[in-house]
Amino acid sequence: MAGKILVTGGMGYIGSHTVVELQQSGYQVVILDNLSNSEQGILDLITRVAGVKPEFVQLDMQNRERLEGFFREHHDLEGVIHFAAYKAVGESVENPLMYYRNNVGSLVNLLDCMTDSPAAKNLVFSSSCTVYGQPDTLPVSEDAPVKPAMSPYGNTKQISEEIIEDTCQANGGLEAISLRYFNPIGAHESGLLGELPLGVPNNLVPFITQTAIGKRAQLTVFGKDYDTPDGTCIRDYIHVSDLARAHVVALERLLAKQHQKSHEIFNLGTGTGYSVLEAVNTFEQTTRVKLNWKFSDRRPGDVEKVWADTGTANKVLGWKAERGLKEMMSTAWQWEVNLNDGLMD
Ligand code: NAD
Ligand code: UFG
């Protein structure tokens, strides 16, 4: 049996898929989550998919004392994958302190506990391609400059990477890999795990599936005059299960001490960009469901086009995304259908 891994935010969208991947790779998993953006019922679904029930501790990582208590009771951890954070860009503009307090504060608490604890000091961190802003060259590689953040949320990711870098340099023994995700979409092939957006979704794919199922009247495509072949924005969409697998690979790189620096950074994308209209068309073709959609003005703050140079992740990490846009759309749709049929009720 492989070691015990802490997954913070493990009840959330990407975390729950990663917990399953870890369990299927033989790891024991402890989930730490305050359920601020997830539901208790996810634990049973993870157990159904993986066949093993992870340990679950409901805890707010902003509560330093409780986190210290958790680490005193879990001194045998071999690694930590840190997903817990808030992620809504618009909300971060309205309430920046809430984002700095949670995303940066929780990370500082975690690093304090990890550096003080006898537990192993291996950390995998959820970062984002938002750190590149609109890159000067595409595809964008890890050594491209980090641009001024376009939102407080984006800034929390930049600051978090810097805090991890400084902590690794400070001889605290921390070994870390930051993973810069492009656009995670799709759901588990079982149809039992997926994204649970609270309220009106901000992101494209949940909005597409909710429109298709009849929860939303119409999808709005933001902007048709971008400098792209069809005038709509281009993103590098990546299946959440490919992303989850990359976390296990990154963790195992740290556990096997194969990393070349105490803080490494990798892009996680497919390397292919698709426009909003290509995403809409692929959804319609794959599911045979017609979408009601219209164009409107550009959404403020949107990057025109971004896709990943995945060469380093492919060569150095030895990981490659395997699933294409059709599978991303069909699994996202199956998840929406299952939710509509009462999966989480
Ligand atoms: P999510 O909201 O589904 O999951 C995050 C989980 O963390 C939730 O279950 C939430 O309850 C928990 N959480 C939040 N604050 C907490 C706290 N203080 N203490 C304990 N638990 C807390 O989000 P996700 O899409 O799974 O994203 C996971 C990570 O990946 C986040 O750090 C996010 O910023 C990052 N990321 C996500 C995307 C994306 O498009 N989904 C893109 C880039 C980066
Ligand atoms: N879009 C629409 N209509 C919608 C929603 C989105 O046309 O209803 C468009 C957007 O304008 C954009 C594309 O679909 O062109 C993708 O938008 P998303 O909101 O799905 O994703 P973003 O690329 O804007 O944001 C995502 C994450 C952020 C992260 C960012 C960069 O949600 O957390 O990638 O990593 F900061």
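This passage describes the two domains of a predicted model, the interface between them and the surroundings of two ligands.

The protein is divided into two domains. Domain 1 takes in residues 4-185 and 238-269. Domain 2 is assembled from 204-234, 271-316 and 321-340. Both domains are therefore built from separate stretches of sequence, as the automatic or database assignment draws them. Their centres, taken over C-alpha atoms, stand 25 Å apart.

The interface was examined next. On the side of domain 1, 19 residues are in contact with domain 2. Domain 2 answers with 22 residues. Together the two domains bury about 1,900 Å². Carbon and sulfur atoms give 68% of that area. Three residues stand out on domain 1: Ile185, His239 and Asp242. They supply 28% of the area that domain 1 buries against domain 2, more than any other three residues.

Polar links also cross this interface. In total, 10 residue pairs are in polar contact between domain 1 and domain 2, with both partners at pLDDT 80 or more. Three elements each give two or more residues to the side of domain 1 that touches domain 2: strand S10 (237-239), helix H8 (240-255) and strand S11 (263-268). H8 provides the largest share, three residues. By residue class, this side of domain 1 holds nine nonpolar, seven polar and three charged residues. The count of salt bridges between the domains is one. Asp242 also takes part in a salt bridge, with Arg323 as its partner. The closest N and O atoms of that pair are 2.7 Å apart.

Attention then turned to the ligands. Ligand 1 has 27 residues around it. Those that come nearest are Asp33, Asn37, Ser38, Asn102 and Tyr153. Ser38 places a polar side-chain atom 2.7 Å from an oxygen atom of ligand 1. The side chain of Lys157 has an N or O atom 2.9 Å from an oxygen atom of the ligand. Tyr13 contributes through its backbone, with an N or O atom 2.9 Å from a ligand 1 oxygen.

Ligand 2 is surrounded by 20 residues. The closest are Ser128, Asn203, Thr220, Arg235 and Asp302. In the side chain of Asp302, an N or O atom lies 2.5 Å from an oxygen atom of ligand 2. For the side chain of Asn183, the corresponding distance to a ligand 2 oxygen is 2.9 Å. Phe222 uses a polar backbone atom, 3.0 Å from an oxygen atom of ligand 2.

Methods:
Residues are numbered from 1 along each chain as its sequence is written. Chains are lettered from A and ligands numbered from 1 in the order in which they are written. This is a predicted model: local features need pLDDT of at least 70, side-chain atom pairs count only at pLDDT 80 or more; totals for chains, interfaces and linings use all residues. Side-chain values use heavy atoms; hydrogens and water are left out. Contact means heavy atoms within 4.5 Å. Buried area is the accessible area (1.4 Å probe) that two parts lose on being put together, summed over both. A salt bridge is a side-chain nitrogen of Lys or Arg within 4 Å of a carboxyl oxygen of Asp or Glu. A polar contact is a pair of N or O atoms within 3.5 Å; within protein, one must be able to donate a hydrogen and the other to accept it, and residues adjacent in sequence count only if both atoms are side-chain atoms. Helices (H or I, at least four residues) and strands (E, at least two) are DSSP runs, numbered from the N terminus. Ala, Val, Leu, Ile, Met, Phe, Trp, Tyr, Cys and Pro count as nonpolar, Asp, Glu, Lys and Arg as charged, and the others, Gly among them, as polar. A residue is near a molecule or strand if one of its heavy atoms lies within 4 Å of it.
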